[in-house]
Amino acid sequence: MARKHIRANDTMGEVAQFRPQQARPNPSRRARAELEFDEPTILGALFGQFDSNLVLIENRLGVYISARGNRIMIEGNEDNVARAREVLQGLHRRIIQGQEIDAGAVESLIAMSVEPMLEGIISGDDSHPPIMIRTRGKTIVPRSPTQIEYMRALAKHDVIFALGPAGTGKTYIAVAQAVSQLINGSVKRLILSRPAVEAGEKLGFLPGDMKDKVDPYLRPLYDALYDCMPPEQVERRLANGEIEVAPIAFMRGRTLADAFVILDEAQNTTHAQMKMFLTRFGMNSRMVICGDPKQVDLPGGQAMSGLNDAVAKLEGVEGIATVRFNRDDVVRHPIVGRIVDAYEGQDLA
C-alpha cells in the first residue's frame with residue numbers, strides 16, 4: 001500500500017495518552033479511528049525509521065494510516081482498524097517501558113491483535129498483572145498468543161511440555177523464567193540439559209575432552225543465559241554450581257530439588273532417557289521439556305522419541321501442562337516461518 005500520510009516530527013519522547021479502547025467491532029463495516037497524543041515527540045519512536053512501523057501495519061492489516069500533528073488516523077474495515085489501533089497502543093506501551101521496537105515486535109503485536117483481550121494481556125489490571133518475565137538482562141513480553149499461554153503455564157504448573165518448531169521461543173522463554181526465579185530466590189539452582197545426539201556429525205571426531213565435545217550441543221542454552229543475565233553473573237553462578245549445563249546422561253541417579261530444570265531438544269531422548277529425566281523431579285522444583293516432535297534425529301524416527309511417548313502418556317495429568325506452538329508463533333525473521341511451512345508441507349506430501 002502506498003504511503004501518503006504526513007509525519008509530525010522525527011524525535012523521540014516518553015509520554016503519550018490514548019483514548020480509551022472500544023469494544024471489539026464489526027469485521028465487515030468500514031470505519032475510522034483516531035489516536036491522540038498529549039505530546040507529539042513520541043511519534044519518532046512509534047512510527048519507526050521512514051515510517052517503517054506504520055508501513056508494516058498497513059501492509060499486514062490492509063488499513064490506511066495518516067498522521068498530522070499529535071493525531072494518528074486509521075481507516076479501513078472496522079475489525080482491522082481496531083487491530084491496528086491495538087498494535088499502536090501496544091507499541092506505545094513498549095516504548096514507555098524502555099523496550100526496543102523493531103519489525104519483530106510489530107509483527108508479534110499484529111499476530112496477537114487477533115486476541116480480543118490483547119489490551120488486558122499486555123498492560124494488566126488490578127486483578128490480572130501484566131504477563132512478562134523480568135530478568136537482569138531484559139524484560140520479556142509475549143510475542144504470540146501461544147507465548148501468552150506458555151508464560152501462564154510456566155508460572156502455574158510443575159511440569160510443562162513445550163512442543164513446536166524452531167524460532168517459537170520455547171527454550172528462550174523457559175530460560176528467562178528460570179533466571180527470573182533464580183534471581184528472586186524461589187529456586188536455588190538452574191539446570192539446563194539436552195541429549196548429545198549426533199545429527200549427522202560424529203562426536204568422537206571433535207577435539208578435546210567430554211566437556212569440549214558436548215559444549216557445542218549446549219551452546220543455545222548458554223546463549224539464552226547470557227542474554228538474560230550479565231556475563232559475570234553467569235560465570236560466577238556456573239562456577240559455584242547455581243547454574244549447571246550438562247547433557248542428559250549426567251542426570252542419572254540424582255534428585256533435583258529446589259531447582260528449575262530445562263530439557264531442550266527433548267525429541268531426541270529415548271523412552272528410557274525421558275522416564276529417567278522426569279523421575280528426577282524433586283520438591284519445590286519445576287521442569288520444562290522443550291522439543292519439536294517432527295525433528296527427531298534418533299534411529300527409527302518419531303516412534304523412538306521419548307518426548308512423543310511422554311506427551312502421549314502424561315498429557316492431562318494434574319500438574320502437567322502441554323503447550324503446542326506452530327509456524328504462526330515463529331518470532332524470528334518472517335522467512336523462518338515460510339521455511340517451516342515449506343518443510344511441513346513436504347512432510348505431509
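A helix axis here is a line fitted to C-alpha atoms over the stretch in contact, and angles between axes run from 0 to 180 degrees between N-to-C directions. Keep that in mind for the tour of this predicted model.

**Stop 1: two helices that cross**

Select helix H10 (271-278) and helix H11 (306-314). Their axes come within 8 Å of each other and cross at roughly 55 degrees. That angle makes H10 oblique to H11, because it falls outside the ranges for roughly parallel (under 35 degrees), roughly perpendicular (65 to 115) and roughly antiparallel (over 145). H10 goes past H11 in a right-handed crossing.

Now show the side chains where the two helices touch. On H10, pick His271, Met274 and Leu278. On H11, the partners are Gly306, Leu307, Asp309, Ala310 and Leu314.

**Stop 2: the two sides of H11**

Stay with H11 and colour Gly306, Leu307, Ala310 and Val311, which are the buried residues of this helix. Why do they sit on the same side of H11? Because they cover an arc of only 130 degrees around the axis. Next, turn the view to the other side of H11, where you'll find Ala312 and Lys313 exposed.

What covers the buried residues of H11? The cover includes H10, which you've already met, along with strands S6 (159-163), S10 (286-291) and S11 (320-324). Switch these on one by one to see what lies over that side of the helix.

**Stop 3: the ends of H11**

Zoom in on Ser305, which caps the N-terminal end of H11. One of its side-chain oxygens lies 3.2 Å from the backbone nitrogen of Leu307. Then look beyond the helix for Gly316: this residue follows H11 and has a positive phi, near 95 degrees.

**Stop 4: a threonine in a loop**

Strand S6 was part of the cover over H11, so follow the chain on from there. Between S6 and helix H7 (170-184) there's a loop, and Thr168 is in it. Is Thr168 buried or exposed? With 0% relative accessibility, Thr168 counts as buried, since the cut-off for buried is under 20%. Show its side chain too: a polar atom there lies 2.9 Å from the backbone oxygen of Pro165.

**Stop 5: an isoleucine in H3**

Last, select Ile95, found in helix H3 (residues 78-96). Ile95 is buried, with a relative accessible area of 12%. Add Leu46 to your selection: Ile95 and Leu46 are 49 residues apart in sequence, yet their C-alpha atoms are 7.5 Å apart in space.

Key
Residues are numbered from 1 along each chain as its sequence is written. This is a predicted model: local features need pLDDT of at least 70, side-chain atom pairs count only at pLDDT 80 or more; totals for chains, interfaces and linings use all residues. Side-chain values use heavy atoms; hydrogens and water are left out. Helices (H or I, at least four residues) and strands (E, at least two) are DSSP runs, numbered from the N terminus. Buried means under 20% relative accessible area, exposed over 50%, partly exposed in between (1.4 Å probe, protein chains only). The arc is that of the directions from the helix axis to the C-beta atoms. Contact means heavy atoms within 4.5 Å. A polar contact is a pair of N or O atoms within 3.5 Å; within protein, one must be able to donate a hydrogen and the other to accept it, and residues adjacent in sequence count only if both atoms are side-chain atoms. A crossing is left-handed if the near helix is turned anticlockwise from the far one by less than a right angle, and right-handed if clockwise.
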